[in-house]
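This briefing walks through selected features of a two-chain model, taking the strands, the contact between the chains and the nonpolar core in turn. Please read it with the structure open beside the text.

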Amino acid sequence: MAKKKQSNNFEKDLARLEQISSLLDSEDVGLEESISLYEEGIKLSRSCISTLKKAELKISELKKNLLKISSD
Amino acid sequence: MLSVFYPFYYLSKPEYKLENHIQILTVSELTKEIRQRLEENFSSVSVIGEISNFKSHISGHWYFNLKDSGAVINCTMWKGFNQNVFFTPQDGMKIIVNGKITVYPPRGSYQVDIRSMKPAGLGELQEAFERLKKKLEAEGLFDEAQKKPIPTFPKKIGIVTAINGAAFKDMISVAERRYPLVEIIIASTKVQGSGAAENITESIKLLNEKSDVDVIIVGRGGGSIEDLWAFNEEIVARAIYNSKIPIISGIGHEVDFTIADYVADLRAPTPSVAMELATPNSDDILNFINQFVESSTRRLQELLLTFKDAVHQSLSSYGFRTPLDLVRWKSQQADTLYSKLNQAFERKLLVIRQKLALYIKSLESSDVQRTLRRGFVLVKQNSKFVTRRTLFKENTETQLNFYDGKIELEKK
């Protein structure tokens, strides 16, 4: 379940990483906050990488049967 | 008028009644005669002409005129036949048709009943293309401002193409390589020949009914202008324009431009490139993440060092140094005090000792006084008592101590 959640939030996770990156570079963020941001970032990085490496392409076919019957 | 009838009189068969050697025909008889003659003699004709007044009836039949500078002829093409035509005829298009002449007696009209139709040349298709392009452009279907942005991280991509085609396989392998997180939904579609345009239109509409499709790729591999023609049809252009979901076109090769390409929100030169444009590259994402880990780790180390330095600096600053100095100074003070105390004590001790000595002396002397009172004499030579005969020295000053006084004896 946790994994599904991750893949759904993949885009958000990446955006958060970018945000953390710029926060860490800014001068306004203190040491304690920096450390917790860093921990969060590393955790996100790990989950994103594993999501990406485990991903398998899903393919499905759109059912058009109803329309086909009516047009035939 | 008579002269018009002569040929038919001449052609007519003997069973017709003669009246004054002139055969009189009913309209129906005449029409029947004309019909027979025309339909026998023109059972298969090929005609070249330009389309005008083209109408596609709701029943699926086509009605139009073919004309040239000198004449016009009515044409019909029934649904069963026109389904095999790969393009939608347009007014002004020059075509070659094959069919037969039929006569419609109730109206006294004749027409070409068309079995097959093709453009008079590739130039015709090109012109049809240009005409439609101009028309749709004027309507604003190609406006850049109307184009929808393509999402960077799609969750679901809809594909409109033939499920058995090479284009689909190419797109799948690109998606697998670049971004396997994505989900593909294929609306398998006829992309060539008659009915393809309708099929494509339908697929786009159906995908639009799905709420979770982020982007649609309309694709087809390379082919001739006839093969790709469905993508130059007006209904396809309008379906793309009306799609709520952004559409990327990937039709044919780099050099092929279709009307669909102009209407699409993004045009890709091939189906594979369309999939590339629809997906982020996971290698880029991994690079980004790795870079993040590297740079943020470095950043944090820097930060820690900065703070460490700051702590060190504070510790060695004047403010932090003072207490230590104070401790040292106090301890020195304590040392001084201790030695002073020590000296004072020593002095006190000395005084006490001296007093004690005095007491002892006075005690001793009081003891001697008692003895002297009884008549004893103390002999002193050189400030020392002479307590034995052997210690007495001749020719030395001698003091005799009595209870009530002393006598000094001169040396002898």
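For the pairings below, it helps to know that two strands are taken to pair if DSSP finds at least two bridges between them. The model is predicted, and the points that follow describe its two sheets, the contact between chains A and B, and a nonpolar core.

**The parallel sheet shared by the chains**
- Six strands make up an open sheet with parallel pairing, in which the order runs E1(A)-E9(B)-E8(B)-E10(B)-E11(B)-E12(B).
- At its edges stand strand E1 (58-61) of chain A and strand E12 (266-268) of chain B, each of which pairs on one side only.
- From one strand to the next, the twist of this sheet averages 20°.
- Within chain B, strand E8 (residues 156-161) and strand E9 (residues 183-188) run parallel and are joined by six bridges, and Thr161(B) stands opposite Ser188(B) in E9(B).
- Across the chains, E1(A) runs parallel to E9(B) and is joined to it by four bridges, with Glu183(B) in E9(B) as the bridge partner of Lys58(A).

**The contact between the chains**
- Chain A contributes 29 residues to the contact, and chain B contributes 29 residues.
- On the side of chain A that touches chain B, helix H2 (10-25), helix H3 (31-54) and E1 each supply at least two residues, and the largest share, eleven residues, comes from H3(A).
- By residue class, that side of chain A divides into 16 nonpolar, seven polar and six charged residues.

**The largest nonpolar core**
- The largest nonpolar core has 73 residues, and those with the most contacts inside it are Ile216(B), Ile217(B), Ile240(B) and Ala260(B).
- Because domain 1 (42-120) and domain 2 (130-280) of chain B both give residues to this core, it lies between them.
- When its neighbours within four places in sequence are left aside, Ile240(B) is in contact with Ile204(B), Val218(B), Ile247(B), Ala260(B), Val263(B) and Ala264(B).
- As general background, nonpolar side chains tend to be buried together in soluble globular proteins.

**The antiparallel sheet of chain B**
- Four strands of chain B form an open sheet with antiparallel pairing, in the order E14-E13-E15-E16.
- Strand E14 (384-385) and strand E16 (405-409) of chain B stand at the edges with a single partner strand each, so one side of each is left without a neighbour in the sheet.
- Strand E13 (residues 378-381) of chain B pairs with E14(B) in the antiparallel sense over two bridges, and the bridge partner of Lys380(B) in E14(B) is Phe385(B).

Definitions and conventions:
Residues numbered from 1 in each chain as written. Chains lettered and ligands numbered in written order. Predicted model: local features only at pLDDT ≥ 70, side-chain atom pairs only at ≥ 80, totals over all residues. Axes fitted to C-alpha atoms, helices over the stretch in contact; angles between N-to-C directions. Contact = placed C-beta atoms within 7 Å. Nonpolar A, V, L, I, M, F, W, Y, C, P; charged D, E, K, R; others polar. Core = buried A, V, L, I, M, F, W, Y, C linked by C-beta atoms within 7 Å. Buried ≥ 20, exposed ≤ 12 C-beta atoms within 10 Å, placed from the backbone. Domains from an automatic or database assignment.
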